[in-house]
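Got the viewer open? Clear your selections and follow along, one stop at a time.

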There are 4 protein chains.
Amino acid sequence: MSDRRIEVALRVRYAETDALGVAYHSNYFIWFEVARSEYFRVVVGESPAEFFQHYGMPLTEASARFFKPCRYDDLLIVTARVSDLRSRSIEFEYEVRRKEDQVLLAIGHTSHLCVDSEGKPCRIPVLVREALAG
Amino acid sequence: MSDRRIEVALRVRYAETDALGVAYHSNYFIWFEVARSEYFRVVVGESPAEFFQHYGMPLTEASARFFKPCRYDDLLIVTARVSDLRSRSIEFEYEVRRKEDQVLLAIGHTSHLCVDSEGKPCRIPVLVREALAG
Amino acid sequence: MSDRRIEVALRVRYAETDALGVAYHSNYFIWFEVARSEYFRVVVGESPAEFFQHYGMPLTEASARFFKPCRYDDLLIVTARVSDLRSRSIEFEYEVRRKEDQVLLAIGHTSHLCVDSEGKPCRIPVLVREALAG
Amino acid sequence: MSDRRIEVALRVRYAETDALGVAYHSNYFIWFEVARSEYFRVVVGESPAEFFQHYGMPLTEASARFFKPCRYDDLLIVTARVSDLRSRSIEFEYEVRRKEDQVLLAIGHTSHLCVDSEGKPCRIPVLVREALAG
């Protein structure tokens with residue numbers, strides 16, 4: 001398994017905050033997706049949009065643990081790495097840190113099944129799989 | 001033009017609030033959509049899901065005026081009516097009221113173009129048009 | 001631990017769908033919140049808005065497993081139950097079913113820490129705790 | 001009035017797409033906010049987070065016209081400029097272009113009222129006002 005980590009920087013949007021003054025938890029799963037998309041772009045060397053025209057990677061599982069909150073306009077670093085890779089499925093792990101002090105705010109994982117354009121489970125294309133495996 | 005108004009009740013979700021403690025403004029446009037869907041169900045007498053398998057109603061315009069904020073768990077009444085109906089386009093108007101005291105929180109409008117399953121502008125199907133026209 | 005289950009019905013909004021034509025996964029965590037709020041309203045017998053003016057219940061963990069997708073306008077039943085209750089923390093479990101055929105679409109859980117209005121961990125108020133414990 | 005335009009680049013997230021395969025319209029209002037926040041950072045020379053700890057800028061109006069759709073992973077350029085500035089209110093105008101071909105996808109505007117930390121309408125602080133006026 002590759003130890004490659006891809007990171008993206010993003011700012012907490014006002015829309016993502018809630019009445020507690022912190023980023024609402026469901027947004028972390030969206031930030032995971034932003035890092036996962038970047039992983040495809042960088043590691044697979046392909047526009048994620050192109051890949052996702054022919055294949056889907058629907059989630060079968062998602063989890064997160066939240067250690068510290070973040071607030072509007074905080075600059076975050078979200079990292080993604082592949083933690084498991086099989087012929088038809090893939091698992092990513094994520095970390096969310098505040099850029100300023102590198103404090104770890106949350107970790108998470110998502111599991112995905114590869115499906116074809118008709119939604120049927122299928123093998124991950126070999127070139128994509130090799131790229132993901134590093 | 002029909003004067004028919006369709007209303008839906010919905011509660012402000014915590015996810016919809018922001019750091020000011022009130023519902024974030026972009027959610028009003030989603031609530032408009034909830035009322036618009038209900039309009040199709042009730043007036044056109046058809047599942048909106050079925051209609052939207054064959055046609056699209058992408059927005060060409062959207063606007064809102066916000067008079068009073070609303071907060072987590074507030075029960076709202078959102079009403080929709082057709083304010084303009086042409087062969088290929090339709091316009092809806094909306095009101096958002098707090099149910100408890102009927103205070104008007106916001107008004108809005110959206111304009112839509114009818115497109116076929118390939119995204120090309122097309123005439124609104126005649127049965128749908130007649131139903132919408134009341 | 002109470003075996004009480006509270007359920008809410010909700011329709012998938014168009015805004016909640018994604019380019020795969022199904023509800024995007026992060027929305028399930030928002031639907032969990034809708035059921036959790038209802039749990040407070042029914043079981044604790046108190047407006048969740050009032051409780052959340054004085055206390056917070058930030059998430060420390062969240063997870064979900066997704067079995068089947070759902071689509072625009074699908075009517076869903078989301079159930080919540082308390083699966084663990086301690087002096088300062090609480091855990092909920094959720095199920096999401098399509099109402100029409102009762103197919104189980106997803107399950108999930110969230111863990112929460114009780115905090116006071118200054119964000120410090122605190123005991124869950126005794127009346128709330130007793131109500132939650134059934 | 002300053003003619004200064006501030007722009008931000010952002011990618012369409014999968015979460016922002018809908019079942020039509022395009023970015024759902026309410027997200028444009030969130031993108032407007034991202035550009036508006038950047039405007040504060042660059043022109044006012046102040047962290048928007050700091051400003052918004054003491055003041056609020058709730059929307060009184062929002063509108064958008066949508067010309068062309070955009071899709072998952074499209075790179076967008078969103079520009080913001082101040083189109084009207086009064087002692088207690090401010091209006092922004094926005095443009096959304098696809099970066100690749102500079103095609104104009106949408107335009108919009110938002111009107112805001114300045115409020116203090118208690119939510120009462122107040123004058124925009126003079127230093128902020130002068131910076132905004134260019």
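Start with the hairpin in chain C: select strand 4 (residues 89-98) and strand 5, which run antiparallel and are joined by nine bridges. Strands pair here if DSSP finds at least two bridges between them. Strands (E, at least two residues) and helices (H or I, at least four) are DSSP runs, numbered from the N terminus. Before going further, note that this is a predicted model, where local features need pLDDT of at least 70 and side-chain atom pairs count only at pLDDT 80 or more, while totals for chains, interfaces and linings use all residues. Residues are numbered from 1 along each chain as its sequence is written, and chains are lettered from A and ligands numbered from 1 in the order in which they are written.

**Stop 1: around the hairpin**

Show C:Val96 and its bridge partner in strand 5 of chain C, C:Ala106. Now look at the turn: five residues lie between the two strands, and C:Gln102 takes a positive phi near 60°.

Next, add strand 2 of chain C. Strand 5 (residues 104-113) of chain C pairs with strand 2 of chain C in the antiparallel sense, over seven bridges. For a marker on that pairing, pick C:Ala62, which stands opposite C:Thr110.

**Stop 2: across to chain A**

Which strand of chain A is joined to strand 2 of chain C? Select strand 2 of chain A: five bridges join it to strand 2 (residues 59-66) of chain C, and the two run antiparallel. A:Arg65 stands opposite C:Glu61 here.

Keep going into chain A. Its strand 2 is joined to strand 5 (residues 104-113) of chain A by seven antiparallel bridges, with A:Ala62 opposite A:Thr110.

**Stop 3: the whole sheet**

Now colour by strand and zoom out. Ten strands form an open sheet, antiparallel in its pairing, in the order 1(A)-3(A)-4(A)-5(A)-2(A)-2(C)-5(C)-4(C)-3(C)-1(C). At the edges are strand 1 (6-11) of chain A and strand 1 (6-11) of chain C, each pairing on one side only. From one strand to the next the twist averages 20°, with axes as lines fitted to C-alpha atoms (for helices, over the stretch in contact) and angles running from 0 to 180 degrees between N-to-C directions.

Add helix 1 of chain A, which packs on the sheet and touches strand 1, strand 2, strand 3 (75-85), strand 4 (89-98) and strand 5 of chain A; its direction makes about 135° with that of strand 1 of chain A. Over in chain C, helix 1 (residues 26-44) lies across strands 1 to 5 of chain C, at about 135° to strand 1 of chain C.

**Stop 4: the A-C interface**

Select the contact residues between these chains: 16 from chain A and 16 from chain C. Contact means that the C-beta atoms of two residues, placed from the backbone, lie within 7 Å. On the chain A side, helix 1 (26-44) and strand 2 (59-66) each supply at least two residues, and strand 2 gives the largest share, eight residues. By class, this side has nine nonpolar, five polar and two charged residues. Nonpolar covers Ala, Val, Leu, Ile, Met, Phe, Trp, Tyr, Cys and Pro; charged covers Asp, Glu, Lys and Arg; the others, Gly among them, are polar.

How does chain A go onto chain C? A turn of 180° with a shift of 0.0 Å along the axis does it, at an RMSD of 0.0 Å. That is the relation of a two-fold axis. To find the axis from chain A, click A:Ser63, whose C-alpha is the nearest in that chain at 2.0 Å. The superposition is by least squares on the C-alpha atoms of residues with pLDDT of at least 70 in both copies. The copies meet through the same surface, because 100% of the interface residues of chain A are also interface residues in chain C.

**Stop 5: the C-D interface**

Now bring in chain D. This contact takes nine residues from chain C and nine from chain D; the chain C side has five nonpolar, three polar and one charged residues. Chain C can be laid on chain D by a turn of 180° and a shift of 0.0 Å along the axis, with an RMSD of 0.0 Å. Click C:Asp18 this time: its C-alpha is the nearest to the axis in chain C, 2.0 Å away.

**Last stop: chain A alone**

Hide everything else. Chain A has three helices and five strands, in the pattern β-α-α-β-β-β-β-α along the sequence.
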